[in-house]
Amino acid sequence: MRYPSRSRLSTHDPNLKENMSEKNDTESKDTQWPLWEVFTQPRDGKPHEHAGSLHAPDAEMALENARDVYARRKEAVNIWVVPSDQIVASKGEDAGPFFDPADDKPYRHPQFYSVPRASKRRS
Amino acid sequence: MDEESKKEKFQERIDNGETIEPKDWMPERYRKQLIRMMSQHAHSEVVGMLPEGNWITRAPSLRRKMILLSKVQDEAGHGLYLYSATETLGASRQEVIDQLLEGKAKYSSIFNYPTLSWADVAVIGWLVDGAAIINQTMLARSSYGPYSRAMVRICKEESFHKKQGYEMVATMADGTPEQQEMIQDAVDRWWWPTLMMFGPHDDDSPNSAELIKWGVKSKTNDELRQSFVDRHVSEAHEVGLEIPDEDLEYNEETGHWEFGEIDWDEFWNVVKGNGPMNKERMKSRREAHENGKWVREAAEEYARKKRLAKEKAS
């Protein structure tokens with residue numbers, strides 16, 4: 001009750017919560033604290049990658065929990081935790097129209113170009 | 001697009017081997033079946049801590065104690081990966097956990113058997129985690145992205161669980177006559193319940209066909225059970241242990257071990273809540289949740305005080 005249940009980045013459908021709930025409580029019983037997404041950097045110089053999520057009362061405890069849950073075997077040299085409701089993501093079903101500006105630009109790739117053989121060998 | 005053509009397109013994606021992500025359209029039943037399956041899986045990891053946790057204080061050496069502590073901590077972690085993955089389907093964490101605490105949710109029946117001696121810890125690692133690996137290796141290829149990714153993570157850790165168990169089994173099987181007797185006794189008690197972990201025969205498994213069609217599972221219960229038997233019979237023989245099944249016989253033609261019929265009355269009895277430890281496990285789980293209350297309150301209070309101090313400073 002202290003923490004209203006947060007809608008997660010994945011539950012974009014406003015009706016979903018209702019569908020899922022078997023009890024038709026109007027009041028949320030969720031006392032599981034805010035949800036955080038965890039990103040781990042496996043090695044120095046590598047990019048961070050999504051590992052999963054967890055609940056924690058604040059950022060500091062979210063980091064510590066993330067270490068205990070997602071890095072018990074040195075899976076990370078660095079961790080980011082981000083409040084889940086702060087993440088904005090593109091929709092999978094819109095992937096086509098969303099990314100199609102890139103579809104007709106083959107000249108952005110080196111395969112588009114033909115160059116004399118000699119200069120190829122030199123490189 | 002209407003519901004039917006959405007469903008067709010969804011099935012096409014599955015048949016093409018595409019991965020379904022949380023925000024993608026999915027049939028309501030796919031979502032519900034996954035919530036059911038994944039939350040049961042999460043509960044199994046959490047309840048699974050109890051039979052082995054029972055032996056932590058009585059481990060025979062510091063080495064074994066550290067290993068067991070680490071394994072039980074992993075099981076808690078596996079529960080958390082899976083609860084987190086289940087939430088991506090829109091099921092609230094609180095609701096899913098309440099279902100377990102209120103005794104409305106199922107978990108793997110194997111954890112409703114008692115751990116009577118230290119040898120049980122060895123055999124659980126070898127057989128129960130061995131069975132879990134076979135099931136979870138398949139689920140690592142599941143069509144639902146968050147489930148499959150959680151499984152990949154879990155499988156990596158399970159191989160340590162199985163190996164530490166088999167190491168102990170081998171050590172005891174090579175030990176004093178009393179140790180040999182203990183380990184054989186544990187195998188005799190755990191073999192059949194482990195075979196039951198794979199669930200009813202394919203003909204009696206109403207969910208299987210649908211889960212296979214949706215690419216959640218790629219093998220049937222009986223197929224998984226067979227690969228478990230093939231692998232573990234040879235591991236048992238390797239260390240000189242007997243499998244408690246008179247009908248066990250190697251079929252040269254198929255290359256598989258044929259085995260006797262499972263006592264399905266016992267299986268359904270335990271599933272329905274009448275196993276030797278069902279009540280005890282739920283009682284312990286509720287107590288653990290209740291006893292953790294002060295930790296949750298302290299964490300919350302700590303966060304509140306820090307927030308206040310920060311507000312004051314600014």
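**Strands, helices and salt bridges in a predicted model**

User: In E3(A), which residue is the bridge partner of Thr40(A)?

Analyst: In this predicted model, strand E1 of chain A covers residues 35-41, and strand E3 of chain A covers residues 78-83. The two strands run antiparallel and are joined by six bridges. Within E3(A), the bridge partner of Thr40(A) is Ile79(A).

User: Which residue in E2(A) is the bridge partner of Leu35(A)?

Analyst: E1(A) also pairs with strand E2 of chain A, residues 49-55. This pairing is antiparallel and extends over six bridges. Opposite Leu35(A), the bridge partner in E2(A) is His55(A).

User: How many of the residues of strand E1 of chain A are buried?

Analyst: In a regular strand the side chains alternate between the two faces of the sheet. On one side of E1(A), Leu35(A), Glu37(A), Phe39(A) and Gln41(A) are buried, and on the other side Trp36(A), Val38(A) and Thr40(A) are buried as well. Strand E1 of chain A is therefore largely enclosed by the rest of the structure, the buried residues numbering seven of the seven.

User: What pattern does chain A follow when read along the sequence?

Analyst: The secondary structure of chain A consists of four helices and three strands. Of its 123 residues, 29% count as buried. Read along the sequence, the elements of chain A follow the pattern α-β-β-α-β-α-α.

User: How far apart are the C-alpha centres of domain 1 and domain 2 of chain A?

Analyst: The domain assignment places domain 1 of chain A at residues 35-86 and domain 2 at residues 92-122. Between the C-alpha centres of these two domains, the distance is 35 Å.

User: Within what arc do the buried residues of H11(B) fall, seen down the helix axis?

Analyst: Helix H11 of chain B spans residues 264-274, and Trp264(B), Phe267(B) and Val270(B) are buried in it. These buried residues line one face of the helix, because, seen down the axis of H11(B), they fall within an arc of 125°.

User: Which helices of chain B do the buried residues of H11(B) pack against?

Analyst: The buried residues of H11(B) include Phe267(B). On the other side of the helix, Asp265(B) and Lys272(B) are exposed. The buried residues of H11(B) pack against three helices of chain B, namely H8 (177-196), H10 (221-238) and H12 (278-291).

User: At the start of H11(B), which residue has a backbone nitrogen that a side-chain oxygen of Asp263(B) reaches?

Analyst: Helix H11 of chain B begins at residue 264. A side-chain oxygen of Asp263(B) reaches to within 3.2 Å of a backbone nitrogen at the start of this helix. That nitrogen belongs to Asp265(B).

User: Is Gln33(B) buried or exposed?

Analyst: Gln33(B) is found in helix H2 of chain B, residues 28-47. Leaving aside its neighbours within four places in sequence, Gln33(B) is in contact with Asn207(B), Glu210(B), Leu211(B) and Trp214(B). Its relative accessibility is 5%, so Gln33(B) counts as buried.

User: How many residues apart in sequence are the parts that Lys71(B) and Glu52(B) tie together?

Analyst: The side chains of Lys71(B) and Glu52(B) meet in a salt bridge with an N to O distance of 2.7 Å. Lys71(B) lies in helix H4 (residues 62-87) and Glu52(B) in helix H3 (residues 49-53), both of chain B. Both residues of the pair are buried. Since the two lie in these separate helices, the pair ties together parts whose separation in sequence is 19 residues.

User: How far apart are the closest N and O atoms in the salt bridge between Lys293(B) and Glu297(B)?

Analyst: Lys293(B) and Glu297(B) are four residues apart in helix H13 of chain B (residues 293-313), so they are separated by about one helical turn. Lys293(B) is partly exposed at 39% relative accessible area, and Glu297(B) is partly exposed at 43%. In their salt bridge the closest N and O atoms are separated by 3.9 Å.

User: With which residue does Asp68(A) form a salt bridge?

Analyst: Asp68(A) is partly exposed, with a relative accessible area of 35%. Its partner counts as partly exposed at 46% relative accessibility. The closest N and O atoms of the salt bridge are 3.1 Å apart, and the partner of Asp68(A) is Arg67(A).

User: How many salt bridges does the count come to over all chains?

Analyst: Side chains of opposite charge can pair when their charged atoms come close. Arg72(A), Arg73(A), Asp74(B) and Glu157(B) are linked in a network of such salt bridges. Over all chains, the count of salt bridges comes to 27.

Definitions and conventions. Residues are numbered from 1 along each chain as its sequence is written. Chains are lettered from A and ligands numbered from 1 in the order in which they are written. This is a predicted model: local features need pLDDT of at least 70, side-chain atom pairs count only at pLDDT 80 or more; totals for chains, interfaces and linings use all residues. Side-chain values use heavy atoms; hydrogens and water are left out. Buried means under 20% relative accessible area, exposed over 50%, partly exposed in between (1.4 Å probe, protein chains only). The arc is that of the directions from the helix axis to the C-beta atoms. Contact means heavy atoms within 4.5 Å. A polar contact is a pair of N or O atoms within 3.5 Å; within protein, one must be able to donate a hydrogen and the other to accept it, and residues adjacent in sequence count only if both atoms are side-chain atoms. A salt bridge is a side-chain nitrogen of Lys or Arg within 4 Å of a carboxyl oxygen of Asp or Glu. Domain bounds come from an automatic or database domain assignment. Two strands pair if DSSP finds at least two bridges between them.
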